[in-house]
Amino acid sequence: MNRSARRAAIIGSAALAVAVGTAGAAAAAPRGTAAPDARTLTVFAFDINNGGPDPGFIPVPGTSPNRFAQGDELIINDQLTLPKLVGKGFPIIGHDSGVCTLTRLPERDARQTYASCVVTAVVRGGSLTVQGILSFHGQQPLPATLAVTGGTGRYTGAAGTVHVGFARDHKILTFRFR
């Protein structure tokens with residue numbers, strides 16, 4: 001897979017990871033002090049490896065690093081930020097780490113590639129976990145909604161969803177907590 005396709009795949013995977021970190025901030029907001037709906041939180045996820053070599057794509061041994069193969073892994077490694085520009089940057093609120101494993105590749109009549117993803121986001125006061133399926137069209141990730149499956153510390157018992165969208169240089173994570 002070429003560098004831009006790998007980067008897009010990693011960005012897709014990273015979005016999932018970032019989603020986990022965002023959920024924690026929303027869950028921690030005191031009731032009545034957050035934006036109009038304290039159960040919704042939006043964060044940005046920036047791939048920490050942008051600009052450097054692409055260490056986030058691990059092909060299955062014996063397969064081509066230029067094409068997706070069943071079992072390939074996409075490593076997630078992002079900085080999580082608030083979505084508001086302050087000065088020349090976005091305030092960092094945490095980081096995420098995880099992996100997406102390619103489980104389905106297009107066959108003759110299949111329309112998409114799927115990856116099963118598990119990501120943990122670490123933010124002040126604890127961590128959040130996110131899990132779900134990321135779809136690709138060709139080798140480009142598609143927007144997805146994943147499950148917030150739990151957390152630690154102030155995020156113990158967190159549940160809900162995270163929608164992962166893609167901008168040119170970052171992911172947009174929108175958490176909705178139950």
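Buried residues account for 43% of the 178 residues in the protein. The model is predicted. Its accessible surface comes to about 9000 Å². Carbon and sulfur atoms contribute 54% of that surface.

The protein contains 1 helix and 10 strands. The helix comes at the N-terminal end of the element order, and the strands follow it. Contacts between residues at least 6 apart in sequence were also examined. Of these, 57% join residues at least 24 apart.

Aromatic pairs number 6 in the protein. One of them joins phenylalanine 44 and phenylalanine 90, with ring centres 5.3 Å apart. The planes of these two rings meet at 70°, which is over 60, so the pair is edge-to-face. This pair links distant parts of the chain, 46 residues apart. Phenylalanine 44 lies in strand S1 (residues 40-47). Phenylalanine 90 sits in the loop between strand S3 (73-81) and strand S4 (92-104). Burial of the two partners was assessed separately. Phenylalanine 44 has 13% relative accessibility, under 20%, and therefore counts as buried. Phenylalanine 90, at 29% relative accessibility, counts as partly exposed.

A second geometry appears in the pair of phenylalanine 175 and phenylalanine 177. Their ring centres lie 5.9 Å apart. Their planes are at 5°, under 30 degrees, so this pair is stacked. Both phenylalanine 175 and phenylalanine 177 are buried.

Ring pairs also build a cluster, which consists of Phe44, Phe46 and Phe90.

Note on methods. Residues numbered from 1 in each chain as written. Predicted model: local features only at pLDDT ≥ 70, side-chain atom pairs only at ≥ 80, totals over all residues. Heavy atoms only, no water. Helix = DSSP H or I, 4+ residues; strand = E, 2+ residues; numbered from the N terminus. Buried < 20%, exposed > 50% of the residue type's maximum accessible area, 1.4 Å probe, protein only. Contact = heavy atoms within 4.5 Å. Areas by Shrake-Rupley, 256 points an atom, 1.4 Å probe, with all protein chains shown as cover. Phe/Tyr/Trp six-rings, centres within 6.5 Å; stacked < 30°, edge-to-face > 60°.
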